[in-house]
Each structure stands twice: as C-alpha cells, then as structure tokens.
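Me: Can you walk me through this fold? I'd like to go from the overall layout down to single residues.

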Amino acid sequence: TLATVASACPSSERLRTIVAKALEVSRDKVDGVFCDVGEEVPLSEDDARLAGQPTAKAVTIGGELNSDAAGAADIQLRVAQLPDSTTAIGNRFAIAARGVLGYLGPIEQVHAP
C-alpha cells in the first residue's frame, strides 16, 4: 500500500495497467487495485507551481498480486521498489502515474509487500 498526494485517482483499470507495466508483469497478475481519495492538502509553493493548483488530494494506492509460490519472492522485491523513483520500477510507476494524474507528490510505502 502506497500513500501520496495527487491531483486525482486514476480509474481502477488504468491503475491496474500502470502497476502491471511498472512491475513488468501481465495485467492478470494484478488484482483488486484501488485508489482511495482522502482529504485535500495544501501544497508547497514550488509544488503548487508544478501542479498548477494550490492543493492536492491525499491518496492511498494498493492492490493484490497473483503469483505462484516460485515467483512470489521476485514479485515482492519488485513491489518494494514502486515508491522509489531512483529504481527502474519506481521510475516507470512515477512516470506512468504522472502521465495520468498530472501531479503526483512523493510516494511513501505504508505497508510492506
């Protein structure tokens, strides 16, 4: 489960595609994805300039991954990289999410995979 601030939440289907592409797995491995919108939060002056608006929504993103026992450890290692934009997986996730959302703040992992 990831937490961030964003302009909005993508549709479940769009989020499923974003996660699958970032992790380089087929879409059928990604299940039950969600994006829950929380409260409106003020952005810093610099972030507001990037976002083109003074506030963003607090969002929580999560889901389930279907994998056989042999692939579970590899998938968990990949998922752990989603919030880290310095990794290839995290970078793919951030770029794809920003392409859909417009503004995406720093991503934090709330629950370990």
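Reply: Sure, and a definition to begin with: contact, or touching, means heavy atoms within 4.5 Å. This is a predicted model, where local features need pLDDT of at least 70 and side-chain atom pairs count only at pLDDT 80 or more, while totals for chains, interfaces and linings use all residues. Residues are numbered from 1 along each chain as its sequence is written, and side-chain values use heavy atoms, with hydrogens and water left out.

Me: Which residues does A56 touch, not counting residues up to four places away in sequence?
Reply: A56 is found in strand 3, where strands (E, at least two residues) and helices (H or I, at least four) are DSSP runs numbered from the N terminus. With 1% relative accessibility A56 counts as buried, the classes being buried under 20% relative accessible area, exposed over 50% and partly exposed in between (1.4 Å probe, protein chains only). Leaving out residues up to four places away in sequence, A56 touches V5, A6, E39, E40, V41, L43 and Y103.

Me: In what order do the elements of the protein chain run from the N terminus on?
Reply: The protein chain has four helices and four strands. Starting at the N terminus, the order is β-α-β-α-β-α-α-β.

Me: What is the radius of gyration of the protein chain?
Reply: The C-alpha trace spans about 45 × 25 × 25 Å along its principal axes. The radius of gyration is taken over C-alpha atoms, and the globule rule is 2.2 Å times the number of residues to the power 0.38. That rule gives 13 Å for 113 residues, and the chain's value is close to it, so the chain is as compact as a globular protein of that length, with a radius of gyration of 14 Å.

Me: What share of the accessible surface of the protein chain belongs to carbon and sulfur atoms?
Reply: Buried residues make up 33% of the 113 residues. Accessible areas come from the Shrake-Rupley method with a 1.4 Å probe, and for residues only the protein chains shown count as cover. The accessible surface totals about 6,400 Å², and the carbon and sulfur share is 52%.

Me: Which element gives the most to the largest nonpolar core?
Reply: A nonpolar core here is a set of buried Ala, Val, Leu, Ile, Met, Phe, Trp, Tyr and Cys residues joined through side-chain atoms within 4.5 Å. Of the 23 residues in the largest one, L23, L82 and F93 touch the most other members. Strand 1 (2–6), helix 1 (12–23), strand 2 (30–42), strand 3 (55–65), helix 3 (69–80) and helix 4 (88–101) each supply at least two residues of this core. The top contributor, with six residues, is helix 1.

Me: And which residues does L82 touch, not counting residues up to four places away in sequence?
Reply: L82 is one of the three residues that touch the most other members of the largest core. Not counting residues up to four places away in sequence, its partners are L2, A22, L23, I89, G90 and F93.

Me: How many residues are in the second, separate core?
Reply: Our friend A56, buried at 1% relative accessibility, turns up again here. This second core includes V5, A48, A56 and Y103, and its size is six residues.

Me: What is the phi of E24?
Reply: E24 is found in the loop between helix 1 and strand 2. At 55% relative accessibility E24 counts as exposed. E24 is not a glycine, yet its phi is positive, at about 55 degrees.

Me: Which residues is D28 in contact with, leaving aside its neighbours within four places in sequence?
Reply: D28 is also found in the loop between helix 1 and strand 2. At 54% relative accessibility, D28 counts as exposed. Leaving aside neighbours within four places in sequence, D28 is in contact with R16 and N66.

Me: Is G38 buried, partly exposed or exposed?
Reply: G38 is found in strand 2. Residues up to four places away in sequence aside, G38 touches K57 and A58. At 41% relative accessibility, G38 counts as partly exposed.

Me: How far apart in space are G32 and L43, C-alpha to C-alpha?
Reply: G32 lies in strand 2 and touches G62, G63 and E64, not counting residues up to four places away in sequence. G32 and L43 are eleven residues apart in sequence, and their C-alpha separation is 30 Å.
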